[in-house]
Amino acid sequence: TPRPSREKLPYAVFAAGAAFVALVSIVYMVNIKPITASGKIITALQSIGTKKSAETIIADFDTVFSYNTFGTSEARERLADASTSIILNGPAKPTEDSFKLLNKAVEELEKETKRFPNSAKTFLFLGKAYAIQFYGTQNAQTVAKAEASYNRALEIAPEYVQIRLARAELYLVTRQAEKAKHEADEAWKLTHRSANLLYDVLSTYVLVGDTSGAKMVLSDYVKENNVSKESSGLEGDKLAAVAQRSMQVTDAK
């Protein structure tokens with residue numbers, strides 16, 4: 001068997017070394033990097049759970065974003081979920097820290113829409129974040145941004161029911177009763193008057209003070225599905241939740 005010449009040997013060693021480095025890079029990118037990013041997402045979420053400062057939580061999420069893996073999208077959604085929940089479930093006047101988190105979520109979701117301009121889910125998340133910003137600041141510009149985000153989401157996915165429900169919520173908060181009912185009705189049609197959506201549609205009518213409309217929705221549902229009002233799916237705790245939301249909206253006026 002002929003032996004490699006001295007001239008060819010250094011190149012062969014170099015090629016083998018380059019191949020090894022490439023293999024290590026691939027293994028890191030495909031396996032180690034995403035796993036590390038996933039662990040950092042858990043750390044960031046734990047930071048929220050332990051009520052650390054907004055700066056600390058944002059720094060933890062920035063670490064996740066720096067890896068730039070598939071986990072970036074998940075982290076942005078989790079940050080949006082957490083920041084909006086903190087404000088909605090917190091005191092009537094949101095804290096400065098909670099707004100820092102929400103503003104960071106908005107900033108990241110705006111980046112996400114540029115990264116995935118045809119993702120209806122991303123525009124839905126962004127629209128909700130804008131809507132919560134309005135809830136806390138009463139800045140009309142955020143309403144326009146929320147509506148634009150929802151409009152884009154509907155262009156991408158016109159039959160995505162959650163977009164209609166989100167728009168109904170936006171119009172409820174901004175006291176646009178007819179638009180809120182329209183969105184609820186459109187969602188109702190898309191689901192073929194599904195029992196799962198009955199509560200949401202009735203909630204919208206109740207929240208805008210249209211009790212006769214709510215009765216009509218329930219009556220139509222009962223007739224079309226040949227069920228009794230007792231078995232319509234409206235449980236006592238859900239009705240209580242409708243009443244509670246109604247009082248919250250009334251108190252906010």
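# Exercises on an all-helical chain

With a relative accessibility of 2%, T72 counts as buried. This residue opens the exercises below, which concern a predicted model.

**Exercise 1. Determine where T72 lies and which residues it contacts beyond its neighbours within four places in sequence.**

Step 1. T72 belongs to helix α3, which covers residues 71-89.

Step 2. The burial class follows from the cut-off: buried means under 20% relative accessible area, and T72 is at 2%, so it is placed in that class.

Step 3. Once neighbours within four places in sequence are set aside, the contacts of T72 are V64, F65 and R115.

Step 4. F65 also takes part in a charge-ring arrangement: R76 lies over its face, 5.5 Å from the ring centre.

Step 5. T72 and R76 both appear among the buried residues of α3, a list that also includes G71, L79, A80 and I87.

**Exercise 2. Compare the end-to-end spans of helices α3 and α5 with the spans expected for them.**

Step 1. Helix α3 has 19 residues, for which 27 Å is expected at 1.5 Å a residue. From first C-alpha to last, α3 reaches 26 Å, close to that expectation.

Step 2. Helix α5 comprises 18 residues, 120-137, and at 1.5 Å a residue should therefore span 26 Å. The C-alpha atoms at its ends are 26 Å apart, in agreement with the expected figure.

Step 3. The residue following α5 is Q138, which has a positive phi near 60 degrees.

Step 4. Another positive phi near 60 degrees is found at R175, a residue other than glycine. R175 lies in the loop between α7 and α8 (177-190) and is partly exposed, because its relative accessibility is 41%.

**Exercise 3. Identify which helix gives the most residues to the largest nonpolar core, and describe that core.**

Step 1. A general tendency frames the problem: in soluble globular proteins, nonpolar side chains tend to be buried together.

Step 2. In this model the largest nonpolar core has 34 residues, of which F61, L102, L109, Y150, I163 and L170 touch the most other members.

Step 3. Two or more residues are given to this core by each of α2 (54-67), α3, α4 (96-115), α5, α6 and α7 (161-173).

Step 4. The greatest contribution is that of α5, with ten residues. Helix α5 is itself mostly covered, 13 of its 18 residues being buried.

Step 5. L109 illustrates the connections: beyond four places in sequence, it is in contact with R76, A80, T122, F125, L126 and A129.

Step 6. A second core, separate from the first, has 15 residues, among them L165, A187, L198 and Y221.

**Exercise 4. State which residues contact T113 and A166 beyond four places in sequence, and whether each of the two is buried or exposed.**

Step 1. T113 is part of helix α4. It counts as buried, since its relative accessibility is 10%.

Step 2. The contacts of T113 outside its neighbours within four places are T122, F123 and L126. T122 and L126 are also contacts of L109.

Step 3. A166 is part of helix α7 and is buried, with 3% relative accessible area.

Step 4. Outside its neighbours within four places, A166 is in contact with L124, K128 and Y150.

Step 5. A166 can also be placed relative to A146: the two are 20 residues apart in sequence, and their C-alpha atoms are 9.7 Å apart in space.

**Exercise 5. Summarise the whole chain, and state where pLDDT is below 50.**

Step 1. The chain contains eleven helices and zero strands.

Step 2. Of its 253 residues, 39% count as buried.

Step 3. Among contacts with a separation of 6 or more, 56% join residues 24 or more positions apart. The structure holds one aromatic pair.

Step 4. The mean pLDDT is 76, and 68% of the residues reach 70 or more. Among the elements, helix α6 (residues 140-156) has the highest mean, 95, and helix α11 (residues 236-252) the lowest, 50.

Step 5. The pLDDT is below 50 over residues 13-31, a stretch with six contacts in the model beyond near neighbours in sequence.

Step 6. It also stays under 50 over residues 246-253, for which there are six contacts beyond four places in sequence.

How values were computed:
Residues numbered from 1 in each chain as written. Predicted model: local features only at pLDDT ≥ 70, side-chain atom pairs only at ≥ 80, totals over all residues. Heavy atoms only, no water. Phe/Tyr/Trp six-rings, centres within 6.5 Å; stacked < 30°, edge-to-face > 60°. Lys NZ or Arg CZ within 6 Å of the ring centre and 35° of its normal. Expected span 1.5 Å × (residues − 1). Buried < 20%, exposed > 50% of the residue type's maximum accessible area, 1.4 Å probe, protein only. pLDDT = per-residue confidence, 0-100. Contact = heavy atoms within 4.5 Å. Core = buried A, V, L, I, M, F, W, Y, C linked by side-chain atoms within 4.5 Å.
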